[in-house]
Amino acid sequence: MADSLAIEPLSFERKIQQTQSFLNQLQIIQSKLSRARDTLYLHEEILVMELVLNRIKDQSLIERGTVNLRFLNELENLIIGYQQQINTWQKEIDDNVNAFMESGKELSIINEASFSAGEEEDTLALQGYLDQKKVLKEKFAYVDSIYTLKRNKGLEMQSRLGGIQIQLVDLLESVRIRQRDFRRDLLKRDSPNLWESHASELEKPLVSVIKETLILNRVIVKHYIESKYGWLLFFLLVFLLVFFGIRNMIKKISQTKDFSNLILDRSKYLRYSPFLSTALILFTISPFLLSVPPYFLIFCCLSGSVLATTLLIRIVLDRGDMLLWIVMVMAFLVFGASNLITQLAHQEKWYLLLFSLVGILVGLKVLFHIRKKPGKFPVNLPYLIYFFLVMQTVSIGFHIIGRFSLGKILGVASTLSTMQGISLYVFVLVLMEAIYLLSELSKDNQKDYANYLNYQAIYSRMKKIFSFLALLMWLYLLLVNLSLNQTIGNQLLIFLQTSRTFGNTTFTYSSILTFFSLIWISFVLAKNIAYFASIRDSQNLGPREKRLGSSILLIRLFILTLGFFLAVTASGLPLDKLAIVLGALSVGIGFGLQTIVNNLVSGIILAFERPIQIGDAIEVGGRTGVVKEVGIRSSTLQAYDGSEVVIPNGDLLSQHLVNWTLSDKKRRVEILVGVAYGSEIEKVHEIIKKVLSQDGILSFPSPNILLHNFGDSSLEFRILFWVANFDEWIQVKDKVLREIYAAFAVQKIEIPFPQRDLHIKTEKFQKIHPKKSEE
C-alpha cells in the first residue's frame, strides 16, 4: 500500500476513502486485541506453582533418609501435570503473540501509509479530511498503545513460562534419578531389625509426617482437579445417564415383558441396586480414563469400588463370610491410607505387621470356606488368595530383617490388589448383567427371552472377554501399587520403539505388536459378532428373507478385511513389502492352497447366492441335518442324531444339495397303510380322511388318499398330506399313525401281516432215528 502511494498520488476523494478504510481496520485490530485473553490470570497460578517448585527443591524434603518411593512418584506426577499445564499456557500465549505480530504488521502499514512526511503540506486540503486524519491519528495511537502493552506482557509471560519449563525438566530428571536409586536400593536395609531399637535422628514424629502428607496431597489434588474439572463433570454426567438408563431399563422390562421375573432374576446385582452397580462401574473404569492421576484419586476410586462391592455382595454372602470381608475392607483402608504417606515413618511398621497377620488369618479362613463350599465362590478366587498370602508372608519377612520400604510396598500391593481383584470380578458380573438386560429389552416381541442354553452360552462367551479385560486392569493396578507402572512402561516403550534392522528391512517391535494386536482384535470381533448375530437370527421367526443367515459370513469377512488394512496402516508396513508377501502367497496358492482357496471362494458364493441359510434343513452327500454355521472355509451341519458334521464349502456347491426349507418350511409326508382283503374301501377312505382333518395338517394342498397296490396279504393305501413346519413333520406323522390304528381297531378293520403255514413231515425221520422219535 505504501509503495503504491509513492508511485501515484491519490486524489482527495480516494484519500478520504482510504482514511475511512484505515479507521475500520483499526477498529478490527482493536477488537482482536480486546478479545485476546489477558495474561493477568496466570500470575497468581504461576506464583503458586513457583512456590511449590521451590518447596520441592528444598533438599530437606528429598533427603535419602526421610522420603519414600511414593513421595517421589507423587512429585513426578505433579511435575508432569505442571508440564502439561505449562504447555497449554505456552500454546495459548504463543498464539496470542503471533496474533499480536500480525496486528503489528497491519499497524505498521497504516502508519507508513497515513503519516508519511510531507503529506500535510497541502494547504488546500479540505477541513473534513484534516479532521478525519486527526481522528485516525488518535485512534492509531490508542490501538498502538494497546498493542504494545499486550505484546510486552505476552513476551514477558513467554519468557517466564520458558524459565519454569526448564526448571521442570531439570527437576523431573532429578526426581527420576532418585527413583532409580531408590528402586535399586530397595533390598538394602533402611530400618532397624524388628528386635532392635527404632530410635533415629532423621525420623520425624508420625503426626508431622501425616501433616506434611496432607499438605502435599492437597496441593496435588487441587491442581489436578482444577486442570481436569471438565473430565470430572463429564464423569458425573455419565454416572447420571448410566444410572437412569439402568433404572429405566429394569422398569421397562418389568412392565413390557411377560417373563420379566425370569429375566430380572438373572441380573441380581442390577435389580438389587442400580445406584451401587453404576457406582461400581464408574469407580472401576475412572482410573484408566484419567491422564496421569495422582495416587490419592486412584485410592479414592479403589475405595469407592470396594465400598460398592461391599454393599452389593451382602445379598449373596452369609454372616460369617461377610464378617471376613469387613475385616479385609478394614485392612484395605489401613494399607491404602498408609500408602498415602510420603515420608519414611517407621512407626507404621507395627500396625502394618498387625494387619498383615490379620490378613493372613482371614485368607486361610477364606480358603477353608472355599474347600468347604467350592460352588459358592468364584473359580479363580483361590489363586488370588494364594497370591495375597505369599505376598503378605514375604512382606512380614522384610519387615523383620529391616527392609521397611520393600515390606510396606509388598503389603500394600497385595492387600489393595486382592480387594480390587474381587471388585473387578463383581464389576464383570454387573457389566454382563447390563448387556444381557439391554439385549432382552431390544427384542420386539414381549414374549421373547433368551432360553437357558442360549443364556449360558452368551454368559460364558461374554465372561471370557470381560475377564480378560479385567485381568489387564488388575495387572495395571498391581504395578501402580508396586510403584512400577511408570518404570515398566518406560522400559517397555523403549524396547518396543527402538528401530531394528533385518536385512534391508527396518522395523520396530511396536509395529509388529500393533499389527498382530489389530488382527487378533478383528478376529475376536468377527467371531463374536457372528456368534451373537447367529443367536439373534435363530430366534427370528420371520420369513427366511428377513434373516441374516449366510450373510453373517460377509460380516465376518468385512470385519477381518477392515482389521487387516487397519493393521497394515497402523503398523506402518510398507506396501511394497506387502505386495511381495501377496505375490509369494499367490505362488503358494497356485501349488498347494487350491483346495483352501476353493472353499473360501465357495463360502463367498454361498453368502451372496444364499442357497442355504443358518437354520435350513438340508441334505448333501448322504448327510442330513440343520445348518448351524456357514464359515469362511467350511460349514457346520447339526445332524439329527446330535453329531456335528463339518462340510467344506466347495462340497456344498459341487454336490447335489437338497434344501428342505429354501422357499418355505412346508413338507409333504407320505404314509403307506395296508388293510385286509375284503375291507370296505370307501369306509377305509372315510376313516383316514377324518383322521387327516386335524390341526397341523394343511388343507391346501389338500391331503390325498390313494389305493396304492395289491399286496401279497393286504390292500395298500398311500396317504399324502402337507405340514406347515418342517420341524414338526415327525410328530404329526406319529399322531396320524396312532389315530389311524385306533380308528381301525374301533371299526374292526384288520391290518394284516404276512402269514405262513408250516407243515413238517416226520415219517422218514422216524425210520432213521427210532429211539429219538420215541423220546
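**Exercise 1. Work out the strand order of the open sheet in this predicted model, and find its edges.**

Solution.
Step 1. Three strands make up the open sheet, in the order 8-10-9. Their pairing is antiparallel.
Step 2. Look at the ends of that order. Strand 8 (667-675) and strand 9 (704-710) have a single partner strand each, so one side of each lacks a neighbour in the sheet. These two are the edges.
Step 3. Add the twist. On average, neighbouring strands are turned by 25° against each other, direction ignored.

**Exercise 2. Describe how strand 9 pairs with strand 10.**

Solution.
Step 1. Strand 10 covers residues 715-723. Strand 9 and strand 10 are antiparallel, with six bridges between them.
Step 2. Pick one position. L707 stands opposite F717 in strand 10.

**Exercise 3. Which strands do helix 22 and helix 23 lie across?**

Solution.
Step 1. Take helix 22 (residues 681-692). Strand 8, strand 9 and strand 10 are the strands it lies across. Helix 22 runs at about 20° to strand 10.
Step 2. Take helix 23 (residues 729-746). This helix lies across strand 8 and strand 10, at about 25° to strand 8.

**Exercise 4. Characterise the second largest pocket and its lining.**

Solution.
Step 1. Start with the space: about 1500 Å³.
Step 2. Count the lining. There are 50 residues, and P378, V379, I422, Y425 and V426 lie nearest the centre.
Step 3. Sort by class. The lining holds 34 nonpolar, nine polar and seven charged residues.
Step 4. Trace the helices. Those supplying at least two residues each include helix 11 (319-340), helix 12 (348-372) and helix 14 (404-441). Helix 14 gives the most, with 11 residues.

Key. Residues numbered from 1 in each chain as written. Predicted model: local features only at pLDDT ≥ 70, side-chain atom pairs only at ≥ 80, totals over all residues. Heavy atoms only, no water. 1 Å grid on protein atoms, 1.4 Å probe; cavity = no way out; pocket = protein on both sides within 12 Å on 5 of 7 lines; lining within 4 Å. Points joined across faces, edges and corners; volume = space filled by probe spheres on them. Helix = DSSP H or I, 4+ residues; strand = E, 2+ residues; numbered from the N terminus. Nonpolar A, V, L, I, M, F, W, Y, C, P; charged D, E, K, R; others polar. Pairing = 2+ DSSP bridges. Axes fitted to C-alpha atoms, helices over the stretch in contact; angles between N-to-C directions. Contact = heavy atoms within 4.5 Å.
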